[in-house]
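Trainee: Could we go through this model together? I would like to know what stands behind each label.

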Amino acid sequence: MAVRGNPIDIMGNQAVQSTRALSDTGLGRAAQVLTAALQTTLDIEQLLGIFTHEASRWVNFDALRFQNNQEGLHTEIGHPERHRCAYRLRLLDEDLGELAVSRSRRFTERELEGLETLMSTLLHPLRNALRYLSALRAAHRDPLTGTENRASLEHALRREVKLALRHRQPLSLITLDLDNFKQINDRHGHIIGDCVLRSAAECAQSAIRDSDLLFRYGGEEFVVLLSNTAAAGALQVAERIRAQLVKHSAECGDYRLAVTASLGVAQLKDGESGMELLDRADTAMYRAKHAGRNRVVLVAQNETQPLKG
């Protein structure tokens, strides 16, 4: 396997130097075309797709891989081949991630120089796209617990319901409400209460699968969205969350506080919207509250009567 630089750095000043040096060559014109094309989107997937399409016209390659561990990004275009060259992308002091291209035969020195010139045009657009992504994620993140927030839940529900219906796959939802949380706030104050919320969110996150999504819906209520999961599987996840919370103690200053939760589980029905699914799971959670708290209740698929109150 041929790896250039293991990986080497592509820095921001290379973009200026390379474009000036090659302004009168075919590669210089290709860099100018690529620079213009990369200004058309802030979507990272589209940005990498544009780069792959345009850059591979000058330097043929079969696959591209980009990863940014800080943002949890991993994108692959094409099928990786034996010969690979990898680069760390940096702009000033900002680490943008690592990009690698590969193909079945070795790259020549001239091809690698051209590829590095074209890659340097990606730096500013990629930085802008990463900052845009970070801003979007911040807008959908609960600042207290670090979980996704209500706006993010509403967006995810619309997306997951469409996917579940299109692919005829099950979709389930868990609502989780901390028991007697008002008493914690009244007795210890809101700073301790906030600490308990953060601790409970961390505990719940540790109990779910990587594919499950955790949201803070409001106050002390959380929601877990489980794609491609039927009611029986969601019930097991909910019980695991409940059991983990029972064993867990929130360490907040001088206090170690135990907390339990009541959980409701529902599976998406035919013709049901995401908010209707949420309402049925919420209804099951209220039933768990009324039955004595610290338990999980699954709402039946054919149940239509409201249970709240």
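Mentor: Gladly. Let us start with a definition: a pocket is an open set of grid points with protein on both sides within 12 Å along at least five of seven lines, and its lining residues have an atom within 4 Å of a point. Keep in mind that this is a predicted model.

Trainee: Which residues line the second largest pocket?

Mentor: Its lining consists of Leu-42, Asp-43, Ile-44, Glu-45, Gly-72, Leu-73, His-74, Thr-75, Tyr-132, Leu-133 and Leu-136. Helix H3 (44-58), strand S3 (73-78) and H5 are the elements that each give two or more residues to this lining. The volume of the second largest pocket is about 260 Å³.

Trainee: What makes up that lining by class?

Mentor: There are six nonpolar, three polar and two charged residues. Gly counts as polar under the classes used, so Gly-72 of this lining goes with the polar residues.

Trainee: What is the volume of the largest pocket, and which residues line it?

Mentor: The largest pocket has a volume of about 470 Å³. Its lining is formed by Leu-133, Leu-136, Arg-137, His-140, Arg-141, Glu-148, Ser-152, His-155, Ala-156, Arg-159, Leu-213 and Phe-215. Two or more of these residues come from each of helix H5 (123-139), helix H6 (150-167) and strand S7 (213-218). H6 gives the most, with four residues. By class, this lining has five nonpolar, three polar and four charged residues.

Trainee: Why is Leu-42 called partly exposed?

Mentor: Its relative accessibility is 40%. Buried needs under 20% and exposed needs over 50%, so Leu-42, at 40%, counts as partly exposed. Leu-42 sits in the loop between helix H2 (26-38) and H3. Together with Tyr-132 and Leu-136, Leu-42 makes a nonpolar surface patch of about 260 Å².

Trainee: How do you know that Glu-148 and Arg-141 form a salt bridge?

Mentor: The N to O distance between their side chains is 3.2 Å. The cut-off is 4 Å, so the pair qualifies as a salt bridge. Both Glu-148 and Arg-141 appear in the lining of the largest pocket. Arg-141 is partly exposed, with a relative accessible area of 35%.

Trainee: What about Glu-154 and Arg-150: what makes them a salt bridge?

Mentor: Their side chains meet at 3.8 Å, N to O, and the limit is 4 Å, so this pair counts as well. Glu-154 and Arg-150 are separated by about one helical turn, because they are four residues apart in helix H6. Glu-154 has a relative accessible area of 31% and is partly exposed; Arg-150, at 41%, is partly exposed too.

Trainee: How many salt bridges are found in the whole structure?

Mentor: The search finds 16 salt bridges. One of the pairs is Asp-179 with Lys-289, at 2.9 Å, N to O. This pair links distant parts of the chain, 110 residues apart: Asp-179 is in the loop between strand S6 (171-178) and helix H7 (181-188), and Lys-289 is in helix H10. Asp-177, Asp-179 and Lys-289 are linked in a network of salt bridges.

Trainee: Are Asp-179 and Lys-289 buried or exposed?

Mentor: Asp-179 has a relative accessible area of 4% and Lys-289 has 14%. Buried means under 20%, so both residues are buried.

Trainee: Why is Tyr-286 called partly exposed?

Mentor: Tyr-286 has 32% relative accessibility, which lies between the 20% and 50% limits, so partly exposed is the right label. Tyr-286 is in helix H10 (residues 274-290). Its C-alpha atom is separated by 7.5 Å from that of Gly-264, 22 residues apart along the chain.

Trainee: What makes Pro-80 exposed?

Mentor: The relative accessible area of Pro-80 is 58%, and exposed means over 50%, so Pro-80 is exposed. Pro-80 lies in the loop between S3 and strand S4 (83-91).

Trainee: What is the phi of Leu-92, and where is this residue found?

Mentor: Phi of Leu-92 is near 55°, a positive value in a residue other than glycine. Leu-92 is in the loop between S4 and strand S5 (94-103). At 70% relative accessibility, over the 50% limit, Leu-92 counts as exposed.

Technical notes
Residues numbered from 1 in each chain as written. Predicted model: local features only at pLDDT ≥ 70, side-chain atom pairs only at ≥ 80, totals over all residues. Heavy atoms only, no water. Buried < 20%, exposed > 50% of the residue type's maximum accessible area, 1.4 Å probe, protein only. 1 Å grid on protein atoms, 1.4 Å probe; cavity = no way out; pocket = protein on both sides within 12 Å on 5 of 7 lines; lining within 4 Å. Points joined across faces, edges and corners; volume = space filled by probe spheres on them. Patch = residues over 30% accessible without salt bridge, like charges linked within 9 Å, V, L, I, M, F, W, Y side chains within 5 Å. Areas by Shrake-Rupley, 256 points an atom, 1.4 Å probe, with all protein chains shown as cover.
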